[in-house]
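Student: I have a model open and would like to understand the words used to describe it. Could we go through them together?
Tutor: Gladly, let's look at it side by side.

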Amino acid sequence: MLEDIRFLADDRLGGRMTGTPGGDSAAAYIARRFGQVGLQASARGWFQPFQVAKDAPAAQRALAAGATAANVIGILPGADPARRNETIVVGAHFDHLGMGGFGALDPDSTGRVHNGADDNASGTAALIDIAARLAAAPPARTVVFIAFSGEELGLLGSAHYVKAPLYPLPNTVAMVNLDMVGRLRNDRLIVYGTGTAREFPALLDSLNWYGGFDLRQQPEGYGPSDQTSFYAAKIPVLHLFTDLHEDYHRATDDWDKINVVGLERVSRFTAAIVNALANRPGSLTYVEFAPPPPVAPAPAGSGASLGTVPDMAAGDVGGVRLTGVRKDGPAERAGLREGDVITRIGEFPIPDLAAMAVALQSSEAGQEVDIVVLRDGAELILKATLGPPRGR
C-alpha cells in the first residue's frame, strides 16, 4: 500500500486534479494495479469516462469545467451463481487538488503541488489491497471496486456511476467508501452511515471484536464524500475515515506522514466488512434519513483569511474549535481566542473545517463579517475585518 501511495502522491502527478495529465496517469496506474491483484475489467474496459459539466460551480473555480475524466472500475465476480448478479460497491476517490487554489486550506501555497497522500491516495491504496484480499477467495456476491474521479469537484464521479451503473442499482446491496484512512491515531476509526441499514451496528461491533478500534459510529449516510451519491439512491452505505489533521487540503499532505500499520489495520477491517456483506444470506434493511438542506452556490470571491489555528483533534463540536489565533491577525483583533468554536462566518454556517474553507474562499480581503462563536457555553457575535488570503 505504501508503494501505491508513493506513486499516487508523487510530485510528477501534479496533485491528480480531475482532467489533467497527472489525473490520467493515476487512473492508468490504478487500472494496472486492479488487473495485477486479480480483478477483471468490465465489457467496456477499465475506465468509465464522463464529462465535467461546464457550469459545475466547483469545477469552474478549479478551472476544470468541461474536462474529460474517468472512474476506474474493476470487477470481482461472485462465487455463487445464484447471487453473483447482486453487488457490493467498494469505492475511494483518487483525485486531489492539483496545484492548490480552490479547495486548499493554504492559499499562500497556490502553485505548489498538493499531493493528497491521505486525501485520498490512502483510500485508493486500501481499495487495491482489499481487492487483493478478496480475490484470493471470492465471496458469493460480485464486488465492484471503483476509484472515483471528480470527488473534490462535487462528487462528480460517483454521481456519474449512479446515473450509469454497470449493475442495476436495485441489485446493489451496499456501498462501502474509503476516504482519508491513512492517519489512524489512538485507534480511533470513524464510520459514517451506520444507521443506514438496521444490520450495520451489530455487524461492525462483531467484526471490531477482532479489529480493536475505538470505533466511532455515526448514523447519517449523507456527507462530503462519495457514499452520498449512493445513499441518495437509497442504498445503505458506510464511510470509513481516520479523521482530519493539520495537513488536510494542504501541500504538506505527503506520503511520509502515513501511518502504514494503521492503514493496514483499516484495510483488513474493511475487507472483513465487505466480505461479510457479500456473503450474508439476506439483504439489508435500508433506513432513510432526511437529506441535508440545500446550500446555495457560494459567490465567487478572491479569497480571504481570518488568522486562526484550528484544533484538528477536536472531533464533532458543532463547528471549528480553535487552538489559537495568529498574532495581530483579523481573529485576534476581533477578539477570538483559544477554545472558541466558530459556528458561522457572515452568511455561511460553519459545521466543519471544509465549510470554513469555502466561506473564506468566497469572501474578500477587507470585508467585514460577523463571526458567531461558542465560548464557555454562550454564543457570542464578534465583528472581524478579513485579511488577504495568506492562511486560515
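Student: Why is Phe-230 called buried?
Tutor: Its relative accessible area is 0%. Buried means under 20% relative accessible area, exposed means over 50%, and partly exposed lies in between, with a 1.4 Å probe and protein chains only. Phe-230 is therefore buried. Do keep in mind that this is a predicted model, where local features need pLDDT of at least 70, side-chain atom pairs count only at pLDDT 80 or more, and totals for chains, interfaces and linings use all residues. Residues are numbered from 1 along each chain as its sequence is written, and side-chain values use heavy atoms, with hydrogens and water left out.

Student: What makes Phe-148 and Phe-230 an aromatic pair, and why is the pair called tilted?
Tutor: Rings of Phe, Tyr and Trp (its six-membered ring) pair if their centres lie within 6.5 Å; planes under 30 degrees apart are stacked, over 60 edge-to-face, and the rest tilted. Here the centres are 6.1 Å apart and the planes are at 55°, so the pair fits the rule and is tilted.

Student: What does that pair tie together?
Tutor: Phe-148 lies in strand β4 and Phe-230 in helix α7, so the pair joins parts that are 82 residues apart in sequence. Helices (H or I, at least four residues) and strands (E, at least two) are DSSP runs, numbered from the N terminus. Phe-148 also has a relative accessible area of 0%, so Phe-148 is buried. Ring pairs link Phe-148, Tyr-161 and Phe-230 into a cluster.

Student: Why is the pair of Tyr-192 and Phe-241 called tilted?
Tutor: The ring centres are 6.2 Å apart and the planes are at 35°, so this pair is tilted. Tyr-192 is in strand β6 and Phe-241 in strand β8, so the pair connects parts 49 residues apart in sequence.

Student: Are those two residues buried or partly exposed?
Tutor: At 27%, Tyr-192 is partly exposed, while Phe-241, at 10%, is buried.

Student: How do you know that Glu-151 is buried?
Tutor: Its relative accessibility is 8%, so Glu-151 counts as buried. Glu-151 lies in the loop between β4 and α5. Leaving aside neighbours within four places in sequence, its contacts (heavy atoms within 4.5 Å) include His-93, Asp-179 and Pro-224.
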